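Got the viewer open and your mouse at the ready? Let's take a walk through this one together, selecting one thing at a time.

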Amino acid sequence: MQRTIIDFWVGLFVIAGIGALLILGLKVGNLTSYNTGESYTLTGNFENIGGLKIKAPVKSAGVVVGRVTDIQFSLETYDALVTMAINAHYRFPKDTFASILTSGLLGEQYIGLSPGGDEEMLAEGDKIMKTNSAMVLEEMIGRFLFDKAAED
Amino acid sequence: MSAPLIEIKDLAFSYNTRPILRSVNMTMPRGKVIAIMGGSGSGKTTLLRLIGGEIKPTAGYVKVADQVVHKLSRNDLFKLRRKMGMLFQFGALFTDLSVFDNVAFQIREHTNLPESMIRDLVLMKLHAVGLRGAYHLMPAELSGGMARRVALARSIALDPMLIMYDEPFTGLDPISLSVIGSLIRRLTDALGMTSIVVTHDVQESLKIVDYVYFLADGVIAAHGTPQEVKDSVTPFVHQFVHGEEDGPVPFHYPADAYQEDLKLENHFA
Amino acid sequence: MPKRIITSIQAIGHRVIDSIWRLGRAARFFALVLLKSTTSFLRFSLVIREIYFVGVLSLIIILVSGLFVGMVLGLQGYETLQKYGSESAVGTLVALSLVRELGPVMAALLFASRAGSAITAEIGLMKATEQLSAMAMMAVDPVARVVAPRFWAGVISMPLLAALFSVLGVFGGYLVAVVFIGVDEGSFWSSMQNAVDFRYDIVNGVIKSCFFGVTVTAIAVFEGFDAPPTAEGVSGATTRTVVTSALAILGLDFVLTSFMFRGVD
Ligand SMILES: Nc1ncnc2c1ncn2[C@@H]1O[C@H](COP(=O)(O)OP(=O)(O)OP(=O)(O)O)[C@@H](O)[C@H]1O
Ligand SMILES: [Mg+2]
């Protein structure tokens, strides 16, 4: 008789535990924003990626359209080769411009895509030709000082 | 009669370096009740553990049903143990199971009997030890003697061919004592079991056993039928049967001289 | 004097050698438990019964502690973050620290002291009162029947308990930050969801707690089975379970963390 009561409690415990895992995945984590399978990859070479990280969002007009999946140093061009997975819903023209931007003054860095006017669309495995590197604070300050000095 | 159920030959055993058994020789025919007597600490429990294969001898062997126990593989040993029952000196009931579940333990582990049949079997065994009404109690709710009787019921649950009772009579009142005594006798006769009874209770056991072994100094010091034992003039047996303090059986565990231990010589020198 | 030094060096040597022996025995015992686990899965009701004792009965302490830890994190996180004007990141802070570290580690520490010590004491007492010998004499293997179900029950319960700890912690943080202090609810959740990655943070946290579950229960069953069959023996073994588990959890946490979170983030 007692065994069934124990079974009941254990069942409840297991359900609660698995429920907790689901809550962690769906409510706390970003499981909802994972669109497995329905994406295509694009690459781009950047002179300097600054603080860009794997998993950083790829946004266009402020909407998240994909994520950075890989960052490598390219031995052919001596710059950074960034691979990103773009949601299959979103298509971009060949002459799309990719730049590394910062949200806020000190926020996280992401890739911003500004679509061009080309008729042809980027497809799986294509390379974005027009890229703009990250703004590196030290360089900006350096340039600012240099300009000031030149003015004088 | 066929070959003896148990044959013990030149059996020796020591804990660490202290020899407990030096050279024990015994034979136990099937269908008999055999008593093993001996002073406290003489190695009776150890002997039972050797028969059950829980410990391995340093020399000699124990043969049960023509198999040398300490040479058996683990599987074969477990197969043999299914046919053995052992009543532990302190009961060793499973404290997390009720009396009923304790007795049912082996039946559930080793058979696929339906629950209704298990119930009947368990209640029969409990009835035999007079505790059918206590089936729902937990071991913590039992007295020492009741616990011992439940343990007895548990050890006979699967009707084994050999049962070893380690001091079944201690802690029992005179009535339960003679009931348990005759139960051991009846089980042996009715089911053709063989029983080994380790006991200090000379009078009670002489009433029910077929043969007696006396264990002392790591060897069998004397043996015989109950009648031979009662009539024996061997000082050792006489002392034991009549419970005298003086005699060949030492009351003290081996030790240095008493005076030296107490460091008395300085004061009286 | 030199004699005393020599004896103390000898004592240290003995302890070291003893520990090596014990470690070897523990490893062998662990292998034995794994080997004899088939019974546990064929008769899963044995494991379920033990899950009740190690898992369900640990729930209260896990849930209450999780809630309080989360509330403290929320409070402290808010205090610090609001100085930089980024109090909406409090959700991120609470969630990341719980999911990655505090959930698995704290739950495992609590589990070791609540369930691990109980397992050790129970097995040790069964040994001291000859219940294990009696079982073996009934041709039932105590490792398969008593030890393995407890081991698997612990291994199964631990990740579930850790997940519950984290969820209650996040809820506690939400309670303090959003309900009591008034951080914006939307940014609380969205900053959390942006920062907590399912694969890197949550899955790694779960993997951690699985490791901890194996470690704690393996220590607990070994200490119980290896305990000298006396009252002191059992109480000493119980203490050792808690101490050894705590050290093992923290050490293992460092090793796992350095494997898991290297190079990411
Ligand atoms: N685990 C052990 N380790 C070391 N020595 C032991 C152990 N168990 C028993 N002994 C020793 O072995 C000897 C025999 O013990 P055993 O339990 O066989 O005695 P016994 O004849 O059953 O005594 P009693 O009638 O008091 O039960 C004792 O002197 C005891 O000190
Ligand atoms: Mg004894």
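## First stop: a glycine in a loop

Start in chain B and select B:Gly43, which sits in the loop that links strand 3 (33–38) to helix 1 (44–51) of chain B. Before going on, keep in mind that you're looking at a predicted model.

Is B:Gly43 buried or exposed? It counts as buried, because its relative accessibility is 7% and the cut-off for buried is under 20%.

Now show what surrounds this glycine. Leaving out residues up to four places away in sequence, B:Gly43 touches B:Ile20, B:Leu21 and B:Leu215. Pick B:Ile20 from that group and draw a line between the two C-alpha atoms: B:Gly43 and B:Ile20 are 5.9 Å apart in space, with their positions 23 residues apart in sequence.

## Second stop: chain C on its own

Hide everything but chain C and switch to the cartoon view. What will you find there, helices or strands? Chain C has ten helices and zero strands, so the pattern along the sequence is simply α-α-α-α-α-α-α-α-α-α.

Turn chain C around a few times. Its C-alpha trace spans about 65 × 60 × 35 Å along the principal axes. Of its 265 residues, 51% count as buried. Next, turn on the surface: chain C exposes about 11900 Å², and 70% of that comes from carbon and sulfur atoms.

Here's one for the contact display. Take the contacts in chain C with a separation of 6 or more; residues 24 or more positions apart account for 84% of them.

## Third stop: where chain C meets chain B

Bring chain B back and look at the place where it touches chain C. The contact takes 19 residues from chain C and 22 residues from chain B. About 1800 Å² is buried between these two chains, with carbon and sulfur atoms giving 57% of it.

How many salt bridges does the rule find across the interface of chain C and chain B? There are five. To see one of them, select B:Arg74 and C:Asp141: they form a salt bridge, and their closest N and O atoms are 3.0 Å apart. The interface of chain C and chain B also has ten residue pairs in polar contact, counting pairs with both residues at pLDDT 80 or more.

Want to know which parts of chain C to color? Helix 5, helix 6 (131–137) and helix 7 of chain C each supply at least two residues to the side that touches chain B. Helix 6 of chain C gives the largest share of that side, with six residues.

## Fourth stop: where chain C meets chain A

Swap chain B for chain A. Here, 29 residues of chain C are in contact with 24 residues of chain A. The area buried between chain C and chain A is about 2400 Å², and carbon and sulfur atoms give 80% of it. Select C:Leu160, C:Gln193 and C:Phe198 as a group: they supply 22% of the area that chain C buries against chain A, more than any other three residues.

How many salt bridges are there between chain C and chain A? The count is zero. Residue pairs in polar contact, with both at pLDDT 80 or more, also come to zero between chain C and chain A.

Color by element once more. Helix 3 (44–54), helix 5 (90–128), helix 7 (142–181), helix 8 (185–195) and helix 9 (198–226) of chain C are the elements that give two or more residues to the side that touches chain A. Helix 7 of chain C has the largest share of that side, with eight residues.

## Last stop: chain A and a nonpolar patch

Now isolate chain A. It has two helices and eight strands, and from the N terminus on they run α-β-β-β-β-β-β-β-β-α. Chain A has 152 residues, and buried ones make up 34% of them. Its accessible surface comes to about 9500 Å², with 61% belonging to carbon and sulfur atoms.

Finally, select A:Met135, A:Leu137, A:Met140, A:Ile141, A:Phe144 and A:Leu145. Together they form a nonpolar patch on the surface, with about 630 Å² of accessible area. Zoom in on A:Met140, which is in helix 2 (residues 137–151) of chain A. A:Met140 counts as partly exposed because its relative accessibility is 37%, a value that falls between the cut-offs of 20% for buried and 50% for exposed.

Definitions and conventions
Residues numbered from 1 in each chain as written. Chains lettered and ligands numbered in written order. Predicted model: local features only at pLDDT ≥ 70, side-chain atom pairs only at ≥ 80, totals over all residues. Heavy atoms only, no water. Patch = residues over 30% accessible without salt bridge, like charges linked within 9 Å, V, L, I, M, F, W, Y side chains within 5 Å. Areas by Shrake-Rupley, 256 points an atom, 1.4 Å probe, with all protein chains shown as cover. Salt bridge = Lys/Arg side-chain N within 4 Å of Asp/Glu carboxyl O. Helix = DSSP H or I, 4+ residues; strand = E, 2+ residues; numbered from the N terminus. Buried < 20%, exposed > 50% of the residue type's maximum accessible area, 1.4 Å probe, protein only. Contact = heavy atoms within 4.5 Å. Buried area = accessible area lost by both parts, 1.4 Å probe. Polar contact = N/O pair within 3.5 Å; in protein donor to acceptor, adjacent residues only side chain to side chain.
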